[in-house]
Amino acid sequence: MSPFLSEPAWRHGAPARTAVVLINLGTPEAPTPAALKTYLREFLSDPRVVEIPRAVWWPILNGVILNTRPAKSAEKYATVWTPEGSPLKVHTERQTKLLKGRLGAAGHRNLVVDYAMRYGQPSIPATLARLKAEGCTRFLLVPLYPQYAASTSATAFDAAYRWLTTTRNQPELRVLRSFCDDPGYIAALAAGIREHWMRNGRPDDGYRLLMSFHGVPRFTLDKGDPYHCECQKTGRLLAEALALRPDQYRITFQSRFGRAEWLQPYTAPTLQALAREGVRRVDVICPGFVGDCLETLEEIAIEGKSDFLAAGGKEYHYIPALNERDDWIAALAALVEAQLGGWPTREAADATALGLSATRAKALGATV
Ligand SMILES: C=CC1=C(C)c2cc3[nH]c(cc4nc(cc5[nH]c(cc1n2)c(C)c5CCC(=O)O)C(CCC(=O)O)=C4C)c(C)c3C=C
Ligand SMILES: [Fe+2]
Ligand SMILES: [Fe+2]
């Protein structure tokens, strides 16, 4: 039996249709130990995420982690869960809708805009298969991770490439690898911080801006993963946009998992050290998360605050992620449009399929 799916021949020669697919990590279905166990099993079984030989990792994952972590993580998720569901999913859905609206208003009326999750639902293969069945022949994948890491962006691309191997009439595929230094993304982050300063006062000498990024194991940097460098680049550009002196901000890494060394300096001990050094106020922003989620709302906004205040700090602010900011959605739309460049417009594709001139096809209502 051929492993390749059979596909409707009637579609051959149909005009090209493009789908932009935002990709995020995924999140549990509910803040319960059972849902967390399902989610963590899939997530932590990914060899891109835990790079320990299977023979060593499987007994630890199945014998220890999946019997202890789900209950603890479920409690944390419960503190940030919303009536509409997990914040990560809520923001991803809203960002998708807003991006579609903005691209539509810019004239891309025939462009499909959707999202998929690397772990959980809607999965990457199921989403791509559905969009292909709906007539999409070109895919632009846009992971919602500004900084590339093998444990996030690469594993999302792997999932799409694996799905491609099952298709017979393969669609075209492009990926937005990372956007850590995109001027629109940096400007939206800087604008969010300036607005926060307008509401809460401007920095003085007893103040630090902490830019906290999700960590990864330290050995991944030694093996050539560009994640650390891309985080540093975002941090430097953001500081430049805000005209901050080097002593006014710090770049740190949060969410350490397991016993190995991760990228340093770690966020929580830095917060404690700053408080002990007499820094009165910290504002924390997490530029690596374009939407608020467990890692920002619980670990930074709740736990980080308690760490800083318990160590003697006086004032702590978490600056929200970009979420549905208009300038961020505009930046995302511009990133997408730049990637679509070079793919023939819908008019040109329609014209080829219909044997018409592009102008005539446009007159008949064909759009990108
Ligand atoms: C922003 C980029 C991220 C990188 C890089 C990343 C690496 C990474 N993460 C783990 C382990 C866990 N991460 C968890 C949650 C989580 N991680 C990211 C993003 C990155 N992870 C996000 C957006 C989230 C939040 C998801 C949500 O539902 O809101 C978790 C699950 C939560 C928990 O039990 O603590 C784990 C586990 C590793 C091992 C890793 C790199 C190797
Ligand atoms: Fe993570
Ligand atoms: Fe965490």
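**Figure 1. Two domains contribute to the shell around ligand 1.** In this predicted model, domain 1 (9-179 + 327-363) and domain 2 (183-318) each give at least three residues to the shell around ligand 1. The shell holds 22 residues, and the closest are T27, S73, H214, C293 and L294. Sorted by class, 12 of the shell residues are nonpolar, 8 are polar and 2 are charged.

**Figure 2. Helices in the shell around ligand 1.** At least two shell residues come from each of α2 (54-80), α5 (150-164) and α10 (294-297). L294 is among the closest residues to ligand 1.

**Figure 3. Residues H214 and E295, marked in a database record.** UniProt, in an unreviewed entry, lists H214 and E295 under the feature "binding site". The two positions span 82 residues in sequence, but their C-alpha atoms are no more than 8.0 Å apart, so they gather at one spot. H214 belongs to strand β5 (residues 207-214) and is also one of the closest residues to ligand 1. H214 counts as buried because 27 other C-beta atoms lie within 10 Å, where the cut-off for a buried residue is 20 or more.

**Figure 4. Strands β3 and β4 and the crossover that joins them.** Strand β3 (residues 138-143) pairs with strand β4 (residues 172-175) in the parallel sense, over 4 bridges. Within this pair, L140 stands opposite R174 in β4. From β3 the chain passes through α5 to reach β4, forming a right-handed β-α-β crossover. Helix α5 (150-164) also supplies at least two residues of the shell around ligand 1.

Terms used
Residues numbered from 1 in each chain as written. Chains lettered and ligands numbered in written order. Predicted model: local features only at pLDDT ≥ 70, side-chain atom pairs only at ≥ 80, totals over all residues. Near = placed C-beta within 6 Å. Nonpolar A, V, L, I, M, F, W, Y, C, P; charged D, E, K, R; others polar. Domains from an automatic or database assignment. Pairing = 2+ DSSP bridges. Right-handed = clockwise from strand over helix to strand, strands pointing away. UniProt positions renumbered as here; feature names shortened; annotations may be inferred. Buried ≥ 20, exposed ≤ 12 C-beta atoms within 10 Å, placed from the backbone.
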